[in-house]
Amino acid sequence: MTREEILNQLMERSILQKNEYVILAEGFESAFLGVSGFSPARAVYDFWKCLDVIIQRDGVGFDEAIDWLEDFVQEDLGKHSPIYIKLL
């Protein structure tokens with residue numbers, strides 16, 4: 001799904017309340033799972049798919065990719081920061 005498709009689906013399905021927004025992580029559209037069901041709404045991503053995106057896109061090894069992703073997910077973007085979950 002592209003960024004535009006994600007945004008269209010959020011609007012078409014009325015997932016976000018009026019004047020509510022989520023922060024989408026650029027480049028991780030294929031790892032997008034949905035939106036949290038509590039306020040404030042937050043975009044939810046599959047951590048392992050994000051890791052795969054980095055490895056494939058940047059041509060780096062597992063250790064370098066996981067170090068970068070761990071730093072990235074720790075960035076504080078406020079109460080709308082995306083959530084990255086590690087599926088079992």
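# Close-up views of a predicted model

**View 1. Helix 3, its exposed side and its buried side.** On one side of helix 3, the residues Asp63, Glu64 and Asp71 are exposed, and they lie on the other side from the buried residues of this helix, which are Ala65, Ile66 and Leu69. These buried residues cover an arc of only 95° around the axis, and this places them on the same side of helix 3. The model shown here and in the views below is a predicted one. What do the buried residues of helix 3 pack against? Their packing is against helix 2. Helix 3 comprises the twelve residues 62-73, for which a rise of 1.5 Å a residue predicts a span of 16 Å, and the end C-alpha atoms are indeed 16 Å apart, in agreement with that expectation.

**View 2. Helix 2 and the elements that cover its buried face.** Helix 2, formed by residues 47-58, has Phe47, Cys50, Leu51, Val53 and Ile54 as its buried residues. Seen down the helix axis, they fall within an arc of 155°, so they line one face of helix 2. An α-helix has 3.6 residues a turn, so residues three or four places apart point the same way. The cover over the buried residues of helix 2 includes strand 2, helix 3 and strand 3. The twelve residues of helix 2 should span 16 Å at 1.5 Å a residue, and the distance of 16 Å between its end C-alpha atoms agrees with this.

**View 3. The two ends of helix 2.** At the N-terminal end, helix 2 is capped by aspartate 46, of which a side-chain oxygen lies 2.8 Å from the backbone nitrogen of tryptophan 48. The capping residue, Asp46, is also one of the buried residues of strand 2. Glycine 59 follows helix 2, and its phi is positive, near 65°.

**View 4. Strand 2 between strand 1 and strand 3.** Strand 2 (residues 43-46) is covered on both faces, with Ala43 and Tyr45 buried on one side and Val44 and Asp46 buried on the other. Strand 1 (residues 32-35) is joined to strand 2 by three bridges, and these two strands run antiparallel; within this pairing, alanine 43 of strand 2 is the bridge partner of valine 35. Strand 2 is joined to strand 3 (residues 83-85) by three bridges as well, but here the strands run parallel, and tyrosine 84 in strand 3 is the bridge partner of tyrosine 45.

**View 5. The surroundings of valine 44.** Valine 44, found in strand 2, has a relative accessibility of 14% and therefore counts as buried. Which residues does valine 44 touch, if those up to four places away in sequence are not counted? Its contacts are with Ala31, Phe32, Leu33, Gly34, Val35, Ser36, Ile83 and Ile85. Leucine 33, eleven residues from valine 44 in sequence, has its C-alpha atom 5.5 Å from the C-alpha atom of valine 44.

**View 6. The loop between strand 1 and strand 2.** Serine 36 is placed in the loop between strand 1 and strand 2 and counts as buried, at 11% relative accessibility. Residues up to four places away in sequence aside, serine 36 touches Ala41, Arg42, Val44 and Ile83. Glycine 37 lies in this loop too, but is exposed, with a relative accessible area of 85%. The C-alpha atom of glycine 37 is separated by 9.5 Å from that of leucine 16, although the two residues are 21 residues apart along the chain. Proline 40 is a further residue of the loop between strand 1 and strand 2, and a cis peptide bond, with omega about 0°, joins serine 39 to proline 40.

**View 7. Serine 14, and the confidence of the model.** Serine 14 lies in the loop between helix 1 (3-12) and strand 1, and its phi, near 50°, is a positive value in a residue other than glycine. Is serine 14 buried or exposed? With a relative accessible area of 55%, serine 14 is exposed. Over the chain, the average pLDDT is 93, and 100% of the residues score at least 70. Confidence is lowest in helix 1, where the mean is 91, and highest in helix 2, where it is 98.

Methods
Residues numbered from 1 in each chain as written. Predicted model: local features only at pLDDT ≥ 70, side-chain atom pairs only at ≥ 80, totals over all residues. Heavy atoms only, no water. Buried < 20%, exposed > 50% of the residue type's maximum accessible area, 1.4 Å probe, protein only. Helix = DSSP H or I, 4+ residues; strand = E, 2+ residues; numbered from the N terminus. Pairing = 2+ DSSP bridges. pLDDT = per-residue confidence, 0-100. Expected span 1.5 Å × (residues − 1). Arc of directions from axis to C-beta. Contact = heavy atoms within 4.5 Å. Polar contact = N/O pair within 3.5 Å; in protein donor to acceptor, adjacent residues only side chain to side chain.
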